[in-house]
Amino acid sequence: MHVGSYRGRGLSRFRTLNTAAFYVEIKDKSDIAAAFEAARKRGLKVFVLGGGSNVFFENSEIKSAVIKNSLPAKIEHLGGDLYRVSSGLEMMQLLNFALKNSLDCCYYLASAPCQVGGAIAMNAGSGIKDGLSVSDFVESVEYFDGKRIIETPKSDIDFGFRHTTFLEKETFIISAVLRLPRKKIDGNPIRERLEWACKNQDLESNNCGSLCDKYYAPILKLARMLFKFAPAGLSEKKLNWAVNKSDNPVWLKSLLRLISLLHSMLGKALKFEIRIVP
Ligand SMILES: Cc1cc2nc3c(=O)[nH]c(=O)nc-3n(C[C@H](O)[C@H](O)[C@H](O)COP(=O)(O)OP(=O)(O)OC[C@H]3O[C@@H](n4cnc5c(N)ncnc54)[C@H](O)[C@@H]3O)c2cc1C
């Protein structure tokens, strides 16, 4: 395990230019404990980075220790409907495997450019009304809990809307056992979802998907208007969708601050879906 540094636009799909003074890529699970320990020794908070599709690094110089999941992509058939998948597997790799083998899976995540580990940590899914999420397929999760590696059954994990136990403390999801039953699949649900995303989402600019779980639309509309000519703002196509064209995270940071401030001034509920990392 080698602690290095990182400078570039590749940490988040917002594509801001960031420097991480503490940056480690985990390629083998035996390195996780040492990486966490090295961060702690330097008094840094740990941030485990997956595909970067739901994260905003709010400072050009990142203050947290960035531990990037680079575990090899693996799918192992355990027998019956059960498969162990590594957390470093791209969601699209999982979905292509499932479709090829006529297995039920979270095809609605075809448009989310994430890793399986990140999808489990966020309990990624479809909209709140559909109530579908990756947790529907999870049987157990293997993870580093800050001290040791454990395997925990689904019943011991709190899966909420875009929330799980894994986000509450510093953890690293290593793999999961998924139940993917055989299913007759009509058409191509991956292609259909990608076509839906092209029509309904704003994929023209750098983005991290939906911005908030809870918000007051008139405030977002006002913020969108005020940031209309700034290099970061809210999409004209989809209100709850932050977009960024700037290297400097300060534009997006100012937008998020303004949104927070207006919600607290008017006593309105706000919950950011994206993870904001100092
Ligand atoms: C175009 C687009 C479309 C999207 N569509 C959807 C959608 O339909 N539904 C949806 O729910 N989301 C969607 N998202 C958001 C995003 O893809 C999901 O939230 C996804 O779960 C994030 O996974 P990631 O691997 O990119 O994680 P990251 O963005 O890197 O991290 C997100 C959070 O997960 C944690 N995390 C990541 N990996 C691990 C790990 N191995 N162990 C522990 N914690 C970990 C991080 O610490 C962080 O708190 C979309 C994003 C984009 C850009």
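Student: What makes a residue part of the shell around the ligand in this predicted model, and which residues are the closest?

Tutor: A residue is placed near the ligand if its C-beta atom, placed from the backbone, lies within 6 Å of it. In this predicted model, 35 residues surround the ligand, and the closest are Gly50, Gly51, Gly117, Gly118 and Gly209. The elements that each give two or more residues to this shell are β3 (46-49), α3 (116-122), β13 (172-179) and β14 (206-210), and α3 provides the largest share, with 5 residues.

Student: How many residues of each class does the shell around the ligand have, and how do you know where Gly is counted?

Tutor: The shell around the ligand has 17 nonpolar, 16 polar and 2 charged residues. Gly is counted among the polar residues by definition.

Student: What makes β7 and β10 edge strands?

Tutor: The 5 strands form an open sheet in the order β7-β8-β13-β9-β10, with antiparallel pairing. Within that order, β7 (75-79) and β10 (149-153) are the edge strands because each pairs on one side only, where pairing requires at least two bridges found by DSSP between the two strands. From one strand to the next, the twist averages 20 degrees.

Student: How do you know that β7 and β8 are paired?

Tutor: Two strands pair if DSSP finds at least two bridges between them. The antiparallel strands β7 and β8 (residues 82-86) are joined by 4 bridges, so they meet the requirement of at least two. Within this pairing, His77 has Tyr83 in β8 as its bridge partner.

Student: What joins β9 to β10, and which residue of their hairpin takes a positive phi?

Tutor: Strand β9 (residues 138-144) pairs with β10 in the antiparallel sense over 5 bridges, and Phe144 stands opposite Ile149 in β10. The hairpin of β9 and β10 has 4 residues between the strands, and Gly146 takes a positive phi near 105 degrees there.

Student: Why is Ser111 called partly exposed?

Tutor: A residue is buried if 20 or more other C-beta atoms lie within 10 Å of its own, and exposed if there are 12 or fewer. Ser111 has 19 other C-beta atoms within 10 Å, and is therefore partly exposed. This residue, Ser111, is found in the loop between α2 (91-100) and α3.

Student: Which residues are in contact with Ser111, leaving aside its neighbours within four places in sequence?

Tutor: With those neighbours left aside, Ser111 is in contact with Arg193, Leu194, Ala197 and Gln201. The C-alpha atom of Ser111 is separated by 33 Å from that of Met1, which lies 110 residues apart from Ser111 along the chain.

Notes: Residues numbered from 1 in each chain as written. Predicted model: local features only at pLDDT ≥ 70, side-chain atom pairs only at ≥ 80, totals over all residues. Axes fitted to C-alpha atoms, helices over the stretch in contact; angles between N-to-C directions. Contact = placed C-beta atoms within 7 Å.
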